[in-house]
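The following exercises are to be worked through with the sequence and the model at hand. Each task is followed by a solution in steps.

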Amino acid sequence: MNATNYPVITIDLVLDRRNTRDVLTAVLHSILFHRLFGTVKPTTFEILDVTMPGLDDAEIKQLVDSRVDAFWKAMEGGAQKRGQISVTFSEKRPRKTWFLIGEEEVPWEQWYLTINAEIRQPVTERDRHAFDSELASALTKSLQTMLTYTSSERGRSVVPLITNALSISPFPYKIVVKVGGTEVGG
């Protein structure tokens with residue numbers, strides 16, 4: 001737990017130009033696959049011989065693609081080569097103040113992808129193989145982190161009571177992209 005009273009799960013990735021879009025798309029889809037509790041149509045992403053689960057949903061695909069594109073454009077256009085993508089899951093709770101009755105979104109879990117993007121390309125075939133091998137290992141580790149956390153008692157206990165199962169997600173969620181500490185494409 002952090003100071004905000006909800007778990008933050010961090011996944012660190014080192015990416016190169018060739019794999020950035022595919023890897024980020026697959027990892028975001030995998031996080032959403034494990035945390036959207038509505039009826040979903042599954043799909044898979046094959047990245048460097050690592051199979052990652054995803055969602056076959058037009059809205060999710062559009063959202064993920066727009067955030068990955070925002071990250072890519074910010075990395076391409078600036079000197080900053082580090083970025084962060086966060087996925088926050090919230091629940092709606094009644095909020096009463098002196099003059100207003102309404103709802104507020106209260107986060108219950110957050111996932112951070114910390115990305116160090118190396119825009120350079122590996123020079124030799126040996127460098128490429130070594131980099132791809134390290135990335136495949138990082139993807140396997142990230143998937144293992146997702147599976148271990150979401151199936152653990154702690155990961156299950158933070159999920160609020162599901163009161164609306166009509167949509168793909170009974171909870172509000174958002175994906176925020178930051179490059180160099182500045183939010184982009186939001």
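**Exercise 1. A turn between two strands**

At 24% relative accessibility, Leu 48 counts as partly exposed. The model is a predicted one.

Task: State where Leu 48 and Asp 49 lie, and classify the accessibility of Asp 49.

Solution.
Step 1. Leu 48 is placed in the loop between strand E2 (42-47) and strand E3 (50-55). Asp 49 lies in the loop between E2 and E3 as well.
Step 2. The relative accessible area of Asp 49 is 78%. Exposed means over 50%, and Asp 49 is therefore exposed.
Step 3. For Leu 48, a residue other than glycine, phi has a positive value near 50°. Asp 49 is not a glycine either, and its phi is positive at about 65°.

**Exercise 2. Two buried residues**

Task: For Leu 32 and Gly 54, give the element that holds each residue and the residues in contact with each.

Solution.
Step 1. Leu 32 belongs to helix H1, and Gly 54 belongs to strand E3.
Step 2. Buried means under 20% relative accessible area. Leu 32 has a value of 0% and is therefore buried; Gly 54, with 0%, is buried too.
Step 3. Neighbours within four places in sequence are left aside. Leu 32 is then in contact with Leu 55, Ile 60, Val 64, Val 87, Phe 89, Tyr 173 and Ile 175.
Step 4. With such neighbours again left aside, the contacts of Gly 54 are His 29, Phe 33, Lys 41, Pro 42, Thr 43, Thr 44 and Phe 45.
Step 5. Between the C-alpha atoms of Gly 54 and Arg 95, which are 41 residues apart along the chain, the separation is 34 Å.

**Exercise 3. Packing of two helices**

Task: Determine how H1 and H3 are oriented to each other, and list the residues that meet.

Solution.
Step 1. Two packed helices are described by the angle between their axes and the distance between the axes.
Step 2. For helix H1 (residues 20-35) and helix H3 (residues 125-151), the angle is about 10° and the axes are 10 Å apart.
Step 3. Angles under 35 degrees count as roughly parallel. H1 and H3 are therefore roughly parallel to each other.
Step 4. From H1, the residues Val 23, Val 27, Ser 30, Ile 31, His 34 and Arg 35 take part; they meet Leu 135, Leu 139, Ser 142, Leu 143, Met 146, Leu 147, Tyr 149 and Thr 150 of H3.
Step 5. Sorted by class, this contact of H1 with H3 comprises 9 nonpolar, 4 polar and 1 charged residues.

**Exercise 4. Sequence separation and distance in space**

Task: Locate Trp 98 and Ala 165, and state how far each lies from a residue elsewhere in the chain.

Solution.
Step 1. Trp 98 is in the loop between strand E4 (82-96) and strand E5 (101-118). Its relative accessibility is 82%, so Trp 98 counts as exposed.
Step 2. From Trp 98 to Ala 26, 72 residues apart in sequence, the C-alpha to C-alpha distance is 45 Å. Leu 32 and Trp 98, 66 residues apart in sequence, are 37 Å apart by C-alpha atoms.
Step 3. Ala 165 is found in the loop between helix H4 (153-157) and strand E6 (173-179), and is exposed at a relative accessible area of 52%.
Step 4. Ala 165 and Gly 38 are 127 residues apart along the chain, and their C-alpha atoms are separated by 5.6 Å.

**Exercise 5. The largest pocket**

Task: Describe the volume and lining of the largest pocket.

Solution.
Step 1. The largest pocket holds about 180 Å³ of space.
Step 2. Its lining includes Glu 91, Lys 92, Glu 103, Leu 161 and Phe 171.
Step 3. By class, the lining has 4 nonpolar, 4 polar and 3 charged residues.

How values were computed: Residues are numbered from 1 along each chain as its sequence is written. This is a predicted model: local features need pLDDT of at least 70, side-chain atom pairs count only at pLDDT 80 or more; totals for chains, interfaces and linings use all residues. Side-chain values use heavy atoms; hydrogens and water are left out. Axes are lines fitted to C-alpha atoms, for helices over the stretch in contact, and angles run from 0 to 180 degrees between N-to-C directions. Helices (H or I, at least four residues) and strands (E, at least two) are DSSP runs, numbered from the N terminus. Angles under 35 degrees count as roughly parallel, over 145 as roughly antiparallel, 65 to 115 as roughly perpendicular and the rest as oblique. Contact means heavy atoms within 4.5 Å. Ala, Val, Leu, Ile, Met, Phe, Trp, Tyr, Cys and Pro count as nonpolar, Asp, Glu, Lys and Arg as charged, and the others, Gly among them, as polar. On a 1 Å grid over the protein atoms alone, a cavity is a set of points where a 1.4 Å probe fits but cannot get out, and a pocket is an open set with protein on both sides within 12 Å along at least five of seven lines; lining residues have an atom within 4 Å of a point. Grid points are joined across faces, edges and corners, and a volume is the space filled by probe spheres set on the points. Buried means under 20% relative accessible area, exposed over 50%, partly exposed in between (1.4 Å probe, protein chains only).
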